[in-house]
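Biologist: Let us look at a model together. I will ask how each label is earned.
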2 protein chains.
Amino acid sequence: MSRGFLRYSRFVMTTLSGLSGMEPRPRPTMRDVAALAGVSLKTVSRVVNREPGVSGDLQGRVRRAAQQLDFRLNLTASNLRRADQRTATIGLLVEDVGNPFFAAIHRGVEDIAGPLDVGVFSASLEEDQDRERRLIQAFAARRVDGIILSPTGAEHGYLLSEMRAGLPMVFVDRAPRGVEGDLVLTNNREHARAATHHLLASGHRHIGFLGGTLALQTAEERYRGFVDAMLEADAPILPSLVARDLRSVHQAEAATELLLAGEPRPTAFFTAQNLLSTGAIRALHAHQLQHDIALVGFDDVEFADVLSPAVSVIAQDPRRLGQVAAELLFARIADPDIEPQVSFVNSQLVQRGSGEIPVRSGSR
Amino acid sequence: MSRGFLRYSRFVMTTLSGLSGMEPRPRPTMRDVAALAGVSLKTVSRVVNREPGVSGDLQGRVRRAAQQLDFRLNLTASNLRRADQRTATIGLLVEDVGNPFFAAIHRGVEDIAGPLDVGVFSASLEEDQDRERRLIQAFAARRVDGIILSPTGAEHGYLLSEMRAGLPMVFVDRAPRGVEGDLVLTNNREHARAATHHLLASGHRHIGFLGGTLALQTAEERYRGFVDAMLEADAPILPSLVARDLRSVHQAEAATELLLAGEPRPTAFFTAQNLLSTGAIRALHAHQLQHDIALVGFDDVEFADVLSPAVSVIAQDPRRLGQVAAELLFARIADPDIEPQVSFVNSQLVQRGSGEIPVRSGSR
DNA sequence: TTGAAAGCGCTAACAC
DNA sequence: GTGTTAGCGCTTTCAA
């Protein structure tokens, strides 16, 4: 046995001093393990990192010593010294980690990062640009290997210096302004088109459209998809059947009432967002029209299948959004020189009943 | 100016070699900043860490140099050397970060950790005990300062060695088995009692109870709360009005049908979980009884207010759960010797209509 | 007020 | 196969 066994070791000293088992003891280091196993520190490193070229005998001794001491490799120290300087950590910045949509994105990121043993830091931006900057800096200080960002509406030129410093970045759900990079988006236009097409296929021609805040790019895209489908089918887009820039359940409810009272009366609705679907459904139920007038909504809604009829929707796939973003990020980390890509994630038309109501025989 | 300025510096060499501004350049270190500012490394450290005792002149020089180089303190290196060995990082382990309930907990944790500049690692357990063990080890390897865990149903004795090694741990939403520690729970029993009491206060005596999987402690607690309230009010607990161990919307729907067909017929329902509320509501709607029979559910449900009547619920406060867990964790990190505490988080009775339906005049 | 030297726990490079 | 030495980027200690 080498004299290593006699070397100074915090752990061995603690043990020898006879402290009870319940006493908190300091985390053992490789040195402690080496001392207990009677080998050099480097041999412990080799065993712990599964490097080849260590005899079975020593492997066993090291393993046993490590187990006995509850040794855990210190990844921060390991990463510091490692040649590639990687921390096996990425950062995820979204508007709110508690929002189910972003939580699903988070889960998708984890789906990809987890099997690679990459840790995920996450934080909420709250649509606050200062906070975004501070958090990007905090992540940079922790030397994350890359960042997935769902950017706020503000200017993002400040990210250039980080990206130039070699911090890979992928944008998800929204495009940033003032900077280019990998981008993962839901294909809003295409799926709004599909939803509208679905209603047209049931014979509807007078389709009411409810759209959200005009400031949002997604709202614009969804309106365009609606228009695309209507034009394709030679269906008229009547201004009296279009209500845009709605910002609440209440506004949507009122708008629906208005469209229902108008002429011609819509035989179907395409509601381009969560809250707007809720408002329209309320109005339809209030007038007992829910079984006569078709409705397809954008965004899935929990409880959609408790209603009668159950609500047909275009369900986005935020988890997939996260998965694709993570895949792009790891590709970029592996090769920083690839061209920035834009990737679209498909949504799903979920037919539950409300979207499959045909035009009533009596309808115009 | 000291000769430090002439010392080797990766950054300075790169710059001098005339590479273009868009070329990725390595992250500058304190040494690079020191060289550019013409001071010692230690002075840079002092300025960056806002330690007192640096002259205004040098502070300015260092600040400017750091800014010019886009210097970011390397926290991993900093933490490695620091005396307290803290990483300013905690780990959060829950069943699924994408589940809105746990996402809200996550957000609560971030509410507390964020202002302290503590990073949050999170990961999903998927009710898989092996995965839980691996993730705990991975977090230990990253030297998180503490862990917040919503434990799986399995045995948790294996955590003792980690806790003894000084890894602070707080349990949230569920109690672990085989180990003691700080614990944050929703007061299921108390709030089930309150829900039942609310129905009793409207004059209901024949209250149907729908309960979830018996294996879960929470289901048991909620049943007890129901019983507590009934006993207090001297209301009869009729076996024919109690259905427990329900595991799906469908089962709940069927159970509701059964209770409705029985004698006496319930004039109100307390449905002790999300999915069970959905099933009961479906059955009530199918029989057009939704306006005649009262219902209070445990757990909030999105879209609960689209229905007519809107659904009254006991809404848990998962975000608060996360906040309290984080508060306990930081308290324990600060002082590992405090006694383990159990903390209860209150839920809220949200009155939306369904729970406020009185006993019908014709009802028995 | 400033700086030089040592070392946190680990891995890279090289010797034996 | 195994061990020694240097050093990752930073803070600590102590000297000037």
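Modeller: Start where helix 6 of chain A meets helix 13 of chain A, with A:Phe101, A:Ala104 and A:Ile105 among the residues on one side and A:Leu321, A:Ala325 and A:Phe330 among those on the other. The model is predicted, with local features needing pLDDT of at least 70, side-chain atom pairs pLDDT 80 or more, and totals for chains, interfaces and linings using all residues. Residues are numbered from 1 along each chain as written, and chains are lettered from A in the order written.

Biologist: What makes residues of helix 6 and helix 13 of chain A "meet"?

Modeller: Contact means that C-beta atoms, placed from the backbone, lie within 7 Å. By class, this contact has eleven nonpolar, four polar and five charged residues.

Biologist: Why are helix 6 and helix 13 of chain A called oblique to each other?

Modeller: Their axes come within 6 Å and cross at roughly 45 degrees. Under 35 degrees is roughly parallel, over 145 roughly antiparallel, 65 to 115 roughly perpendicular, and the rest oblique. Therefore helix 6 and helix 13 of chain A are oblique.

Biologist: Which residues come nearest to DNA strand C?

Modeller: A:Thr29, A:Met30, A:Ser45, A:Ser78 and B:Arg81, of the 25 around the strand. Near means a C-beta atom, placed from the backbone, within 6 Å. Helix 5 of chain A gives the most to that surface, with four residues.

Biologist: How many residues of chain A are in contact with chain B?

Modeller: 54 residues of chain A are in contact with 54 of chain B. The chain A side divides into 24 nonpolar, 16 polar and 14 charged.

Technical notes:
Helix = DSSP H or I, 4+ residues; strand = E, 2+ residues; numbered from the N terminus. Axes fitted to C-alpha atoms, helices over the stretch in contact; angles between N-to-C directions. Contact = placed C-beta atoms within 7 Å. Nonpolar A, V, L, I, M, F, W, Y, C, P; charged D, E, K, R; others polar.
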